[in-house]
Each structure stands twice: as structure tokens, then as C-alpha cells.
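Please open the model in your viewer and keep a selection tool at hand, since the tour below goes from one selection to the next and says what can be found at each stop.

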Amino acid sequence: MTWLDILQFSYRALTAHRLRTLLSVSSIAVGIVAIILLTAIGDGVQRFVLSEFTQFGTNIINISPGKINTHGGSLGAIGSARLLTIEDSIALKQSRYAQYINANVVGNAEIRAQGRSRRVTAYGQGPHFAQAFNMHVAMGQFLPNDDPRNPRPYAVLGAKVHRELFGNTSPLGAMLQISGARFRIIGVMASKGNVLGFDLDDTVFIPTARALEVFNRQGVMEINFSYFPDAPMQAVIDDIRHILVARHGREDFTITPQKQMLSTLTTILNILKFSIAALGGISLLVGAVGMITLMYITVSERVAEIGLLTALGATRARIRMLFLLESITLATIGGLAGLSSGIAIAGLLKWLVSGLPVNIPWDYVLGALCVSTLIGLVAGIAPAIYAARLNPVDALRAE
């Protein structure tokens, strides 16, 4: 019995029972489709979240007051972390790695202009905030490079605030009242939209020192240290720590590199994507059980054929190969059908549902295709062994 004979036998066995072959192929195809759709949405969500985070740049280190570490009990009442101040941000400019330094304060405030009032999120920022976070000005200019301890009372509007208060007219030069303090409007930011639930257009930007007065705060909430892209991150962190410890006397602040946060976020999202793929793999497992059942039925229906082949000289190895080839062929065809269907449905979803992040992760898809072929191999082993062990005399007598 040659390889050509085995191929012909397998082909005839599959085409002789078209409905059974179709159902068996469908069970694998559905599993592949489920994996493709789930991982495509999972990968799309992962890319969307990461793009939202990285749009502000990745070479930023955030410094916040208070040291985050583990103690035997809560520091609560005895905690005495020193506040971060504008003077700290000025001192950090001494670092040879510093590109932009920004001290920020955030609060909610009522603003008034043109006889209209509105509550918005007001950001106290430094003059280099726009460069550090890749923000763009649509009209006028961003906050000027004044003395950070005594800046002029200027304000820059978010795109939505501009639209709500001034409509289509230019607000440049107009006065804006923020919690009783008066600011002159010198610019309007380009629309940025919602980022992770925060509407960056419904905002007002004012100098940090002025924001401290408006919100009656003693210290800034965070300092953003933007370093040159080619600078080694650990050296930058050491430099920041050295400068601030020299000012505070101890390390009572927390340094958080944005790359570290992105790395943690990426790990979490990868685990979620793998979990989603595993859930889709359950349907593939169900398909594998169905295929094993089908192969056992096939063997039991072809006992006489097996006996005749054995009587004509076919070895047990050839008989095993015959049924293994059938199961592998079924699983491979099912995998390819699921692959094409899954890609088509994912493309249709992306086209029909606007805003749905869909991206097909090809490593998972090819992995699922390989697993489907492996399932065909595994599903065919037991029936093939059973068929090869049949006694030819008993098999012919069964006929």
C-alpha cells in the first residue's frame, strides 16, 4: 500500500460522507473563529489603551510627594512627607538630563466670561507643559516662560471651554474669572478629546503659582520630569533622587517612570488577552471531542474495509496512517475555514461598528491554526490504533 493509495483512500472516505465531514470541519472552524474574534477585540483594546497613554510621550518621569513603601503599620498620623514645591521643580532643572520640567496642580473651579459661567477642571501648569506632553495650541500661545514663582495671570482655554463661552469668536485678550481671580486669555488649545474618561477640552490652563493661590494649596501635586530620549532611565532617576534628597534631607517622594507604568500596563493587558484566547480555546476543545467521537464511528463503520486491507497485505502502520491522515486533514480544513471566516467577520465588525478597536493578532491566529492541526493528530491517534489492532479474520467476519 503506497502513500498514493493512502491519500486516495482518505479522499474517498471524506467525500463519501460529505455531511459528516462538513459537521466535523465546522466544529473546528467555530473554535478558530471564536479565538480570532476574541483575540482581535482584545488586541484592539490593548492597542487603544496603550496609544491613549503614549500619545503624551514616553520619556516622562512623574515625581509625587510622599514615599510609597511597605511598613509594619500605617504611617497615617505620624507621616511627615515634605511637600513638593515650585522651588523643587526649579532645582530639578540643574539635572543634565532635564529637557522640560513641569510642576502641576489640578482642581475644579468655576469660571466666568462673557456673562457665562461654567465649572471646569483647571490645570496649574508650567510654560513647558505643552512641549512635554505633546499638546498643541490652536490659537494664540501657551503660557509664557515667566518667573515660575511670580507668573503673570494668563489663561489658556481648552477647545470645549472656548466654544461654550465664546462660540466662534476669538477669546484672545478677554478676561476670564476663575474662583474670583482674574486672568487674561492668551491662547486656545487644539482639541484633544477624551482620554481615558478625562475630557481634555473642558479645561483651563493657568500658571502653577496662580493655581496654588486659587486652590489655596501649599505644594504642587506632581512634578513631571521630561528627559532626553537617549538618556539612560536609571541615571535620570538617580539624578532626580540626588537633587531632591539634597533639598529635603531624605527621600520623602516617589519617582514613577512612565515606561515602568507602561510596562506594567502591557503585562496586564497581555495576560487579559491570553485569558480571552484561552476562553476561545474551550470551543476548540469541544470540537476536538466531537472529532474523536467521529473518528471512532468511522472506524466502527469501516471494520470490513480494514479487514480487507489487512488481508491484502496492508501493514498495521499503514492502517494507522490512513486514519491519522483523515483526522489531520479534517482538522486542517476546519482550521483554514475558521481562519478565513474569522478574518472576514473581524473585518466586517470593524467596518460596521464605528470605534470598536479590532486588530487581528497573527501570532495567536497562527498558533490556533497549529493547535487545530495538532488536535486532528491527537483525535486520530486512539481510533487509528484501535483500527490497526483489529484482527483481519474477525473484521472480515463482521461484514
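Begin by selecting residues 98-113 and 116-125 of this predicted model, the strands β2 and β3, which form a hairpin with 2 residues between them. In the turn, Gln114 has a positive phi of about 55°. The two strands run antiparallel and are joined by 9 bridges, and if you walk along β2 to Val105 you will find that its bridge partner in β3 is Gly124.

Keep Gly124 selected and add strand β10, residues 203-207. Here β3 pairs with β10 in the parallel sense, over 5 bridges, and Gly124 stands opposite Ile206 of β10. In a regular strand, the side chains alternate between the two faces of the sheet.

Next, select Tyr123, Phe129, Phe133, Phe142 and Phe205, which form one aromatic cluster. How many aromatic pairs are there by the rule used for this model? The count comes to 5, and one of them joins Phe129 and Phe133, with 5.2 Å from centre to centre and 35° between the planes. That pair is classed as tilted, because the label applies to ring planes that are neither under 30 degrees apart nor over 60. Both Phe129 and Phe133 are buried.

From Phe133, step along to Asn134, which is found in the loop between α4 (129-132) and β4 (137-140). Although Asn134 is not a glycine, its phi is positive, at about 55°, and the residue counts as partly exposed at 35% relative accessibility. Most residues other than glycine have a negative phi. A second residue to select for the sign of its phi is Ser179, with a positive value near 50°; Ser179 lies in the loop between β6 (175-178) and β7 (181-189) and is partly exposed, with a relative accessible area of 46%.

Now select helix α5, residues 159-166, and colour Ala159, Val161, His162, Leu165 and Phe166, which are buried. On which side of α5 do these residues lie? They are on the same side of the helix, because they cover an arc of only 165° around the axis. Within this set, His162 has a relative accessible area of 11%, and its C-alpha atom is separated by 8.7 Å from that of Asp202, 40 residues apart along the chain. Just after α5, Gly167 takes a positive phi of about 65°.

Stay with α5 and select Glu164 together with Arg118, whose side chains meet in a salt bridge at 3.9 Å, N to O. The pair links distant parts of the chain, since Glu164 is in helix α5 and Arg118 in strand β3, 46 residues apart. Glu164 is partly exposed, with a relative accessible area of 35%, and Arg118 likewise counts as partly exposed, at 22%.

A search of the whole structure finds 12 salt bridges, and another of interest is the one between Lys273 and Asp43, in which the closest N and O atoms are 2.7 Å apart. Lys273 lies in helix α8 (residues 258-301) and Asp43 in helix α2 (residues 18-54), so this pair ties together parts that are 230 residues apart in sequence. Are these two residues buried or exposed? Lys273 is buried, with a relative accessible area of 8%, and Asp43 counts as buried at 5%. Add Arg47 to the selection, and you have a network of salt bridges that links Asp43, Arg47 and Lys273.

For a further salt bridge, select Arg152 and Asp146, whose side chains meet at 2.7 Å, N to O. Here the two partners fall into separate classes of accessibility: Arg152 is partly exposed, with a relative accessible area of 41%, whereas Asp146 is buried, at 17%.

The last stop is on the surface, where Leu374, Leu377, Val378, Ile381 and Ile385 make a nonpolar patch of about 380 Å². Select Leu377 within helix α11, residues 362-388; Leu377 is partly exposed, with a relative accessible area of 32%, so it passes the requirement of over 30% that applies to patch residues.

Conventions:
Residues numbered from 1 in each chain as written. Predicted model: local features only at pLDDT ≥ 70, side-chain atom pairs only at ≥ 80, totals over all residues. Heavy atoms only, no water. Phe/Tyr/Trp six-rings, centres within 6.5 Å; stacked < 30°, edge-to-face > 60°. Buried < 20%, exposed > 50% of the residue type's maximum accessible area, 1.4 Å probe, protein only. Pairing = 2+ DSSP bridges. Helix = DSSP H or I, 4+ residues; strand = E, 2+ residues; numbered from the N terminus. Patch = residues over 30% accessible without salt bridge, like charges linked within 9 Å, V, L, I, M, F, W, Y side chains within 5 Å. Areas by Shrake-Rupley, 256 points an atom, 1.4 Å probe, with all protein chains shown as cover. Salt bridge = Lys/Arg side-chain N within 4 Å of Asp/Glu carboxyl O. Arc of directions from axis to C-beta.
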